[in-house]
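Me: I should like to go through this structure and ask, term by term, what justifies each label. Please set each value against its cut-off before concluding.

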Amino acid sequence: MVLSITRLAADVEPRRPSGYPAGMRDLDDLFAGLAQSRFRRRFALGRREADYLAQRGLDAVLAHGAEFVADRLAPARPANDGRQTPWRNHPIFVAQHATGTCCRTCLARWHRIPAERALSAGEQAYVLAVIARWLRNQPEAATAPRQPDLFRD
């Protein structure tokens, strides 16, 4: 199940991928709204997260993301809801805060996914597609592997 959700999120980046439940936001509309939020637009991958993404690749990082979403976000009443997503140390965590996919309250506000019920497989795939799009849109310089310093002692 996690692999198929990850594959769907990684393979497509249309505005509203087929197979997603009705009511999910158009991704262009969503990202335009996120760009207007002073809080959401301040997020960017740090060097540590960018290096992790560059070393492991988007597919592996999205596989981790599928597990995080299934464990921490998909249940009807996630443990510590509102505080379950760390702020850093993994590219998925930063992307979740940047895209409003960090808790059930943000999912309801930004993505029109009601709280108090478990996320469907289609909704989980939508969340991963949002995260994947944000990660793909990070500046190349931030996601490029760091070159070794040849002149350092």
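Reply: A polar contact is a pair of N or O atoms within 3.5 Å, where one must be able to donate a hydrogen and the other to accept it. In this predicted model, a side-chain oxygen of D26 comes to within 3.1 Å of the backbone nitrogen of D28, at the start of α2.

Me: What makes the side chain of T99 a partner of the backbone oxygen of A95?

Reply: The cut-off for a polar contact is 3.5 Å. A polar atom of the T99 side chain lies 2.7 Å from the backbone oxygen of A95, so the pair is within that cut-off.

Me: Is T99, in helix α6, buried or exposed, and which residues does T99 touch?

Reply: Buried means under 20% relative accessible area. T99 has a value of 0% and is therefore buried. Leaving aside residues up to four places away in sequence, T99 touches F31, L34, H111, V130, I131 and W134.

Me: Which residues of helix α2 are buried, and why are they said to lie on the same side of α2?

Reply: In α2, residues 27-36, the buried residues are L27, L30, F31 and L34. They cover an arc of only 90 degrees around the axis, and this places them on the same side of the helix. Their cover includes α3 (38-41), α6 (91-99), α7 (104-111) and α8 (121-136).

Me: Why is the pair D28 and R133 called a salt bridge?

Reply: A salt bridge requires a side-chain nitrogen of Lys or Arg within 4 Å of a carboxyl oxygen of Asp or Glu. For D28 and R133 the closest N and O atoms are 2.8 Å apart, so the pair meets the criterion. D28 belongs to helix α2 and R133 to helix α8, so the pair ties together parts that are 105 residues apart in sequence. D28 is partly exposed at 32% relative accessibility, whereas R133 is buried at 12%.

Me: How many salt bridges are there by this rule, and what separates R47 and D51 along their helix?

Reply: The count is five salt bridges. One of them joins R47 and D51, with 3.3 Å from N to O. These two residues are four apart in helix α4 (residues 47-56), and are therefore separated by about one helical turn. R47 is partly exposed at 38% relative accessible area, while D51, at 12%, counts as buried.

Me: Which parts of the chain does the salt bridge between E116 and R77 tie together?

Reply: The closest N and O atoms of E116 and R77 are 3.0 Å apart. E116 lies in the loop between α7 and α8, and R77 in the loop between α5 (58-73) and α6, so the bridge ties together parts 39 residues apart in sequence. Both residues are exposed.

Me: How do you know that C103 is in no disulfide?

Reply: A disulfide needs two cysteine sulfur atoms within 2.5 Å. The nearest cysteine sulfur to that of C103 belongs to C106 and is 3.6 Å away, so the pair fails the criterion. C106 is likewise in no disulfide, and the count is zero. At 8% relative accessibility C103 is buried, and C106 is buried at 13%.

Me: What is the secondary structure of the protein chain as a whole?

Reply: The chain has nine helices and zero strands. Buried residues make up 46% of its 153 residues.

Notes
Residues are numbered from 1 along each chain as its sequence is written. This is a predicted model: local features need pLDDT of at least 70, side-chain atom pairs count only at pLDDT 80 or more; totals for chains, interfaces and linings use all residues. Side-chain values use heavy atoms; hydrogens and water are left out. Buried means under 20% relative accessible area, exposed over 50%, partly exposed in between (1.4 Å probe, protein chains only). The arc is that of the directions from the helix axis to the C-beta atoms. Contact means heavy atoms within 4.5 Å.
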